[in-house]
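Visitor: Hi, could you walk me through this one? I'd like to start with how the strands are put together.
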Amino acid sequence: MVQQAEQQALQQQFRYVGKRIPRVDIVSKLTGAAVFAEDVKVPGVLYGKLLHSPHPHARIVRIDTSRAEQLPGVRAVATAADLPDKRVGRVVKDEHYFARDKVRYVGDRVAAVAADTREIALEAVRRIEVEYELLPPVRDAFEGLAAGAPIIHEDLLRYTVVGPAKPQGGNLCSLNSLTRGEPEAAFGECARVFEQVYTTQMQHQTYLEPHACVAVYNPDRTYTIHTANQGQFPLRNAVAEVLGVPQNQVRVVPAEIGGGFGGKSIMKIEPAAAVLAKKAGRPVRIVMSRHEDFIGGNPRAAFHITLKTGVTADMRMHARTIDVVMDQGAHAMGAGAMAASVTQFAEGPYAIPNLRITSRLVYTNKACTSAMRAPGGPQINFALESETERICAAMGWDGIEFRRRNAMPTDYVNTAGGVNRSVFTLDTLEACLALSGYRHDRARLGPNRGRGLALGNWNVGGNASGAVIKMNGDGSVNVIGGVVDLSGVNTTMTQIVAEALDVPLERVTVKSLDTDSAPHATNSGGSQVLKSHGLACFKASEHIKAQLFELAVDELDASAERMELKGGQVRVQGEPSRAVAVTKLLSQAQGKTGPIVGYGATGNSPRMPSMAAHVADVEVDPETGQVKVVRYCAAQDVGLAINPMSVEGQIHGGVAQGLGQALCEQFTYRDGQPQNAGFLDYKIPSALDVPMIETTLVEKPSVAGPYGAKGVGEPPVVPVPAAIANAIYNAVGVRVTSLPITPEKLRQAIREQERGGGA
Amino acid sequence: MKIPLRVTVNGVPREDLVEARTSLLTYLREQCDLTGAKRACEEGECGCCSVLLDGTQVTACLVFAIEAQGRHVTTVEGLSEPQLLNALQQAFAENGASQCGFCIPGMLMSATTLLERNGSPSEAEIRRAISGNLCRCTGYDRIVAAIGAAAAQRRNAKG
Ligand code: FES
Ligand code: FES
């Protein structure tokens, strides 16, 4: 009750922030008018197609493109020979955009063609002859670490490293570790020590829109690229690096984006389209097929997690070690950054005085894993929160009391040495218990039904970002940003600016513009847009205000510090009659300072946990092993929800993706060959697999975001697999320690238990 | 070999020449300039390309353009007057049913077909009707709610 009252008081302070408004782009999204990358119309456009490696690991002996070039209708063919001989990469520079010496996964880019029609392009790709000398593939991370394993990157230790990865040689791309206290010694002080291994699978983002782009080579020798990517600036920089041109010569125009979830935060087909456009002298469009999107995508990495946990008699986790081995795939990409970030967020929602987290990121001959919604988060949480319940079951402890005792408090010093501000672990837990009636009717769920709880964290940071606001003569504003509108960003920014300038929503237009026009900004991902771009928009609004107040000094005969902006007027605070219309100041500005333009920017900010607590009810069919999710409740610590409707939407979507990870999705390889690269064999949850999702927002303003807001997109995916695993355990008494918990796996575990060998 | 095609698209009769192998989806996107129906798998697995053929939802990637000979095709662009929303679209807007929006044209087609046949669908019936339309953003929650709301609103309007 107290919380509700607090929440109401919080929302009443604001006119536009905290309100449920439909997305500003909703009409275009509902009428087919929204222009996605494949919909961009450019006259004279050619069809581009890539040739991918059919082998997981092979040396390229020879590439002959002449038969493709001779085919009528083919306008250009491109290979590594058309690009500077330079390795690129965001973390470790370990990749030639087109393979040069070797191919390292099925799907590695070998060549590309541009032709008059799709059919000709496909035929041309088939006509490119590549002679390979096959090499034995590294099929998983442990094989990669084994002595005598084939080496995927012979020159690893000579590569340039630009991110937090720490290459060790062999196939070990990075070894990262953080320690608090003395875990090894502390295990000796514990009443009991638990050890367990958990494994997770490769999961594909499966955004519904495949990668697509259109590239134009302009007469002034610049490139224009329309694309579906999560960040026009990081992409522009990556493309410029591949092409070997200065960044100003590449203009990336963000198209509407049909989902990304991290999978569109890496350059993909854009450099190929650009180089083909230059060679052909015509614009080139490339659209990946669903098959290509699977084999050439950047899925979530499979983790192998070894937990060792020491508990004391008073229900405290006193010591823990977490060893993570990650199956990275052929190139470092975003996973290189994850090796380091895992060592920070893997402490979970708990305060453990003696802790060591070690991660090993291993090259394998598979698709290059990278960010997927809360990269590493649900994998780690599956282990942590499954283990919470396993320990409590063995000790006869109450899982909720255990979590309460070990919960991470706010202002806690994290493993990286920073202070976690505005962390509300227990509030989030209690909110979820209340929402779900956790204890209430647990006993009455019925046979083969069980309820599971998991508490999870995602550590949200903020990246450098700028925003510009132009105030027009009538007092309306245009906000210009360089952040892709992935999850309602433009709507949220509209609300923030409307609130800050006290301007009605319809007098605020927010656009995400191309890289020539917008101030530099970051990827739309990692839930960090509010903290970065949101704050930049807020500061740009403050900058506008400062200029208006300065203009009003003479008119109001008051100092700028005493003024406020309200309802289209600048007023002296507390004296509403001493006021001047903003429009009047704006026309005066023409003769004085010139146009009113606000600029706001933020630098990188540290990552701090946001909490989510989930409760799932499942029904297990012990004959088939089929799991049905019958109810789902999610509570989340959101700071202040700028737009509760959009925040709830993020939670719904995150839960559904988590259910896929928990129960059905798995991108599989056999001997380096992808086995299910398509929707037919890779199943994501349909409307029949997801229940209605009950949510509650824990609103306690954060010190870090505008109006106390926090990033919200990643946390809801984190606790899902553990909540499901715990619910299954409570339903049938079987603990499955590997994801996904498929019917076959669960049925087998149930059989084993019946035979007396199980958990 | 191009084949003459007569078809009514969003109420407008057309005559075009199409290749025998051209899918209805490619025809609509590339010859009719209607890009509302989306290309996402071309295997009939995702529903993003859904349109109405004589009032019933089909996946346009699996239908040949010539199969529409003499028939009526409705795409998302034909559901409402330009820049306006029909009642179903309005319900999607108010319920926050669209996020990235890529699946939404297809969802609207399946929902339209459902509501034509069943004025008061249960939650289970709604879910079944859109089970061939994948969405990766919304968890289906708000989409199901929006379709339910649109049905209720229709019933009320009919009184
Ligand atoms: S594109 Fe037609 S069903 Fe996926
Ligand atoms: S709204 Fe993005 S796929 Fe449905």
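Guide: Sure, one term to begin with: two strands pair if DSSP finds at least two bridges between them, and strands (E, at least two residues) and helices (H or I, at least four) are DSSP runs, numbered from the N terminus. This is a predicted model, where local features need pLDDT of at least 70, side-chain atom pairs count only at pLDDT 80 or more, and totals for chains, interfaces and linings use all residues. Residues are numbered from 1 along each chain as written, chains are lettered from A and ligands numbered from 1 in written order, and side-chain values use heavy atoms, without hydrogens and water.

Visitor: OK, how many bridges join β20(A) to β21(A)?
Guide: Five, and the two strands run parallel. V479(A) sits opposite V510(A) of β21(A). Between the strands the chain passes through helix α14 (residues 489–501) of chain A, in a right-handed β-α-β crossover (clockwise from the first strand over the helix to the second, with the strands pointing away from the viewer).

Visitor: And in β21(A), which side chains are buried?
Guide: V508(A), V510(A) and S512(A), on one face; T509(A) and K511(A) point to the other and are not buried (buried is under 20% relative accessible area, 1.4 Å probe, protein chains only).

Visitor: New topic: which residues lie nearest the centre of the largest cavity?
Guide: R23(A), M645(A), S646(A), G96(B) and S98(B), out of 14 lining residues. A cavity is a set of points on a 1 Å grid over the protein atoms alone where a 1.4 Å probe fits but cannot get out, and lining residues have an atom within 4 Å of a point.

Visitor: Which helix gives the largest share of that lining?
Guide: Helix α17 (residues 644–663) of chain A, with four residues.

How values were computed:
On a 1 Å grid over the protein atoms alone, a cavity is a set of points where a 1.4 Å probe fits but cannot get out, and a pocket is an open set with protein on both sides within 12 Å along at least five of seven lines; lining residues have an atom within 4 Å of a point. Buried means under 20% relative accessible area, exposed over 50%, partly exposed in between (1.4 Å probe, protein chains only).
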